[in-house]
Amino acid sequence: MLDVSTVDQLYAQLRENTIALCALLSFFTLAVVFRETLLVYWKFVYACFLKPVNHGNTADIQALTGQQRALEGFYRTQASIYDATRGTLLRGREDMLQLAAAQLKHRYRGSSTKPVWVDSPKVGGGTGYNIEKMNSYLAIPEFFSAVYLVDLSPSLCDVARERFARLGWKNVHIICEDARTFRLDPSSDVESVGALTSGDEEHRIKADFISMSYSLSMIPDFYSVIDSLTDLLAPLGLISCVDFYVQSSSSYSLRNFTGGHHSRHVNRFSRVFWRSWFKLDRVHLHESRRDYLEYRFGTILNVNDRNYLLGGIPYYVWIGCHRTATCGAAGALVREAAEHIDALATESPYLSPIHYAEKKSEAEDAAARETRLQLRSKGFEAAILNLATNVPLPSFFYQNQRWRLYYDESLQKHMQFNNEYIYAFTWEDPAVDQELLHIGKDDVVFAITSAGDNVLSYALNRPRSIHAVDLNPTQNHLLELKVAAFRALSYEDTWKLFGEGRHLTFRELLLTKLSPYLSSRAFQYWLDSTATFTSRGGLYETGGSRIAVKLSKWLFRLLGLSGAVRAMCTARTLREQRAVWRTRLRPVVLSKFLSYLVVANERFLWRALGVPTNQRDMITDDGIAAAVAAGGVFSAKETMWTYVVNTLDPVVENTLLRDSNYFYRLCLTGRYSEECRPAYLTEEAHKILSQPGAFDGLRIHTDEFVEVLARIKPETITVAVIMDHMDWFDPEGTQASEEIGAINKAMQIGGRVLLRSAGLKPWYIAKFSTQGFRCERVAARTAGKCIDRVNMYASTWLCTKVSADPTAIAPSDDSETDISDIIALAL
């Protein structure tokens, strides 16, 4: 009879054998089920990483020469499985196609002309995947008159022929040829904007769209190929590229003609690793390829990204055009400048800072012979410099829209915001602004961008022009996105984005509809920030001010007051709302303990509410004055508590959150409602702002007030809305006087400046009075009184220009700036 220990040993051994057998059977089962997939990836690994370059090549491959033999030796083994294995590796192809499709739709809307497309010259057009995929965004047989797939690998071309024979597309042509010798057939029945040109040019038939998908990095002689493409592309044609790259910021930081530097830098380890790894397969990631492409063409859109599924491989998506293909008024300005110095500029493919230094003296000598010009915009200065040194213009000049103006993103004054906006919504009441200013069709408005809400509200009044100004680039990115939404999206999509603050298909909208209306830098920012509209909190829980919104929600949940908040926001009468506020919320929200712990905290004031030290001091000064007048003792914490009480109590007591006060309802619920929303988010407003030309007068400046005002024609501004901006200045400094002087110079007699302040009697009002303005306090907040629906500020002021600034220094005779001075300063 077996003892217990022996039975246990036999049982354990049987269990181990059973587990091993099951594992072996599972392995064989999976191998049988997924044998096709395993074979596919085995071929891929063998061809890419194990197969010697010339091993196993057949006689017909050996008969080929040069790059074609290398390509065919690499691709023949994997031609049949190319598409199945490249989806994960070659990221960004679909993004490039969607961006290009959006640009083409924008350019050809309402046109009967059908463009010609040449896909991936030299290599990579390959199996025709891109063309078939493009059919998801544009109908290939109907939209294009002809599509040419050009590739140097016979095996990949064979796969493409089978693909399009199956699809039955008669306008797609497969060409197995070197891109340097490729020509569009003059006998082809094609319609092209470029059409026939003079016989002196290399390509008499032009392509309206050229695409390169992971091909540039595989071309040994890429200079000659890119040079050939500049002649192949029609004058107003579009070119796109997606490819691997590595680059250090030291090699591009001084260039203003790229589409933006964000995420372009690749660290040293990654540069060495990826360059060495890909070189094994004759894929070259050196920066010179992308640099030369950007040098030969103008940049419309630019994306720098990483393929994190495979270890963070850097890649870029780029959309470009001819360097001379600028649009709108900006294009006319550049062409005028080009007439002066184009003949004296020398072409060079080198893009290093040394090149700029070499050109400096030549450009200065040439410009000195030209007529002296008055100081122009910084974009004009950049254009003059670029034309003088024979590089493309900044990407802003190649945009479809002209409302976003050039700025230098590398300056510290822009970088200080760490690529984050502070305000996701605007805290000033535009209805009160309109009551005080009466903005009309003859007005030229100068306003702080902030979140762009008030700028859009002003646009409903159809002023002649609006200058939106913000030093933070991302605040202007937000305004750009809102303007693009009105130009490209339906009311329903616009409402989801900015009414509800969430849109689960935002990325798709960005690529396919919004991108033609965005500058390159704004597009890159929003592509990196798609989670803004897809995350649970949505748009209105982003930005620097999100801390206050999230903290209040967290406190309400922690204290069990979320239900009371909902009840107050849905109350149908002020009586119901007051009851909820007084009995349930006010004892907590306005408790002195919470105020002393949170609101009076200097770090919270700045990080959560955007209140700087100088503005806090103005509140404190009013508290000291009140304490002295009452004969009491001053307390800084008591003063901040009183300020909050005087802000919130009148709001809840006098404005209904359900259908009137959308400012506080948004903070409490995270979204607007159909009954309670800004004027620009109504369906009627969408009809107005989506009309062609609705934003023709909009100019978005990314700079300081003084810098922008100094470059606006004197005595043109009629309205300036500067919010609480001047509260931020140091009373002992000169910034306030300089800004008031700049406003005076740019403003017409009778022009109005509207400002709000945390102080009842701001110190800088006296400076307005001595610098040519008549100042009137049109609202003052006292206990229990609500001056507008926000009620955040202690006073509102209207300053009317009555004379020129008597303190201004008269300009000298040589105050005009020569073009040579512009070039010298820029260099």
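In this predicted model, the sulfur of Cys775 has its closest cysteine sulfur in Cys799, at 3.5 Å, which is too far for a bond. A disulfide would require the two sulfur atoms to lie within 2.5 Å. The relation holds from the other side: for Cys799, the closest cysteine sulfur is that of Cys775. The count of disulfides is therefore 0 under this cut-off. The two cysteines were also examined for accessibility. Cys775 has a relative accessibility of 23% and so counts as partly exposed. Cys799 is buried, with a relative accessible area of 0%.

Helix α11 covers residues 268-279. Its 12 residues, at 1.5 Å a residue, should span 16 Å. The C-alpha atoms at its ends are 17 Å apart, which agrees with that expectation. Four positions were assigned to the interior: Ser270, Arg271, Trp274 and Phe278 of α11 are buried. Viewed down the helix axis, the buried residues fall within an arc of 100°, so they line one face of α11. These buried residues pack against two strands, β5 (233-244) and β7 (313-322).

The face turned away from the buried side of α11 has another character. Exposed residues Arg268, Phe269 and Lys279 are carried there. At the N-terminal end, α11 is capped by Asn267. A side-chain oxygen of Asn267 lies 3.2 Å from the backbone nitrogen of Phe269. Phe269 thus appears twice in the description of α11: its backbone nitrogen takes part in the cap contact, and the residue is exposed on the face away from the buried side.

Notes:
Residues numbered from 1 in each chain as written. Predicted model: local features only at pLDDT ≥ 70, side-chain atom pairs only at ≥ 80, totals over all residues. Heavy atoms only, no water. Expected span 1.5 Å × (residues − 1). Buried < 20%, exposed > 50% of the residue type's maximum accessible area, 1.4 Å probe, protein only. Arc of directions from axis to C-beta. Contact = heavy atoms within 4.5 Å. Polar contact = N/O pair within 3.5 Å; in protein donor to acceptor, adjacent residues only side chain to side chain.
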